[in-house]
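Trainee: I would like to learn how to read empty space and helix packing in a protein model. Could you walk me through an example?

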Amino acid sequence: MNKPFIKYLLSGGFNTLVTYLLYLLLLNVMNYNFSYSISYVAGILLSYYLNSVFVFQEKISLRKFIKYPIVYVVQYLINLLLLNILIEYAGLSSKIVPIIAIVGTIPITFVLTKFIIKGK
């Protein structure tokens with residue numbers, strides 16, 4: 001594995017932990033769709049910072065920041081669909097399904113993130 005991908009996995013693991021804990025906290029006061037949506041937006045902000053500074057050593061820029069959520073809109077829609085299918089139809093726990101959904105979309109988000117942040 002290449003170094004940026006390993007850093008991407010590490011920063012993604014940290015981001016996932018933080019947003020998962022936020023999701024669990026929010027589950028105490030709202031349903032899983034709202035909890036997931038709020039924690040997801042928080043994850044985008046943290047992810048942009050970590051991927052720019054730690055993974056790809058690029059300066060933070062407004063232009064890249066504005067483009068960055070495009071990657072996660074696609075991931076969000078796929079994950080929300082998986083969330084509903086796996087909870088409502090497969091009967092899995094709403095506490096573990098977000099992790100399953102995120103792991104499944106790691107490769108595509110790495111490629112799209114690199115493209116936006118590095119511009120290549």
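Trainee: How many cavities of 30 Å³ or more does a search of the whole structure find?

Mentor: Let us begin with the general idea. Rolling a probe the size of a water molecule over the atoms shows where empty space is left. Keep in mind that this is a predicted model. Here the search of the whole structure finds one cavity of 30 Å³ or more. The space in this largest cavity comes to about 30 Å³.

Trainee: Which residues line the largest cavity?

Mentor: Its lining is made of Val 71, Val 74, Gln 75, Ile 78, Ile 108, Thr 109 and Leu 112. The elements giving two or more residues to that lining are α4 and α6. The largest share, four residues, belongs to α4.

Trainee: What classes of residue are in the lining of the largest cavity?

Mentor: Five are nonpolar and two are polar, while no charged residues take part.

Trainee: How do I describe the way α4 and α6 pack?

Mentor: Two packed helices are described by the angle between their axes and the distance between the axes. For α4 and α6, the angle is about 165° and the axes lie 9 Å apart. An angle over 145 degrees counts as roughly antiparallel, and α4 and α6 are therefore roughly antiparallel to each other. The crossing in which α4 passes α6 is right-handed.

Trainee: Which residues meet where α4 and α6 pack?

Mentor: From α4 come Val 71, Tyr 72 and Gln 75, and they meet Thr 109, Leu 112, Thr 113 and Ile 116 in α6. By class, this contact has four nonpolar residues, three polar ones and no charged ones. You have met some of these names already: Val 71, Gln 75, Thr 109 and Leu 112 are also among the residues that line the largest cavity.

Trainee: At what angle do α1 and α6 pack?

Mentor: The same kind of reading works for this pair. Here the angle is about 120°, with 11 Å between the axes of α1 and α6. Their crossing is right-handed. On the α1 side, Pro 4, Phe 5, Tyr 8 and Leu 9 meet Ile 106, Thr 109, Phe 110 and Thr 113 in α6. Six residues of this contact are nonpolar, two are polar and none is charged.

Trainee: Now for the pockets. How much space lies in the largest pocket?

Mentor: The largest pocket holds about 460 Å³ of space. It is lined by 26 residues, and those closest to its centre are Gly 12, Asn 15, Thr 16, Gln 75 and Ile 102. Two or more lining residues come from each of α1 (3–27), α2 (32–55), α4 (69–89), α5 (97–104) and α6 (106–118).

Trainee: Which element gives the largest share of that lining, and how is the lining of the largest pocket divided by class?

Mentor: The largest share, 10 residues, comes from α1. By class, the lining of the largest pocket has 14 nonpolar and 12 polar residues, with no charged ones.

Trainee: One last feature, please. Where is Gln 57 placed, and what is its phi?

Mentor: Look in the loop between α2 and α3 (62–67), which is where Gln 57 sits. Phi of Gln 57 is near 45°, a positive value in a residue other than glycine.

Note on methods
Residues are numbered from 1 along each chain as its sequence is written. This is a predicted model: local features need pLDDT of at least 70, side-chain atom pairs count only at pLDDT 80 or more; totals for chains, interfaces and linings use all residues. Side-chain values use heavy atoms; hydrogens and water are left out. On a 1 Å grid over the protein atoms alone, a cavity is a set of points where a 1.4 Å probe fits but cannot get out, and a pocket is an open set with protein on both sides within 12 Å along at least five of seven lines; lining residues have an atom within 4 Å of a point. Grid points are joined across faces, edges and corners, and a volume is the space filled by probe spheres set on the points. Ala, Val, Leu, Ile, Met, Phe, Trp, Tyr, Cys and Pro count as nonpolar, Asp, Glu, Lys and Arg as charged, and the others, Gly among them, as polar. Axes are lines fitted to C-alpha atoms, for helices over the stretch in contact, and angles run from 0 to 180 degrees between N-to-C directions. Angles under 35 degrees count as roughly parallel, over 145 as roughly antiparallel, 65 to 115 as roughly perpendicular and the rest as oblique. A crossing is left-handed if the near helix is turned anticlockwise from the far one by less than a right angle, and right-handed if clockwise. Contact means heavy atoms within 4.5 Å.
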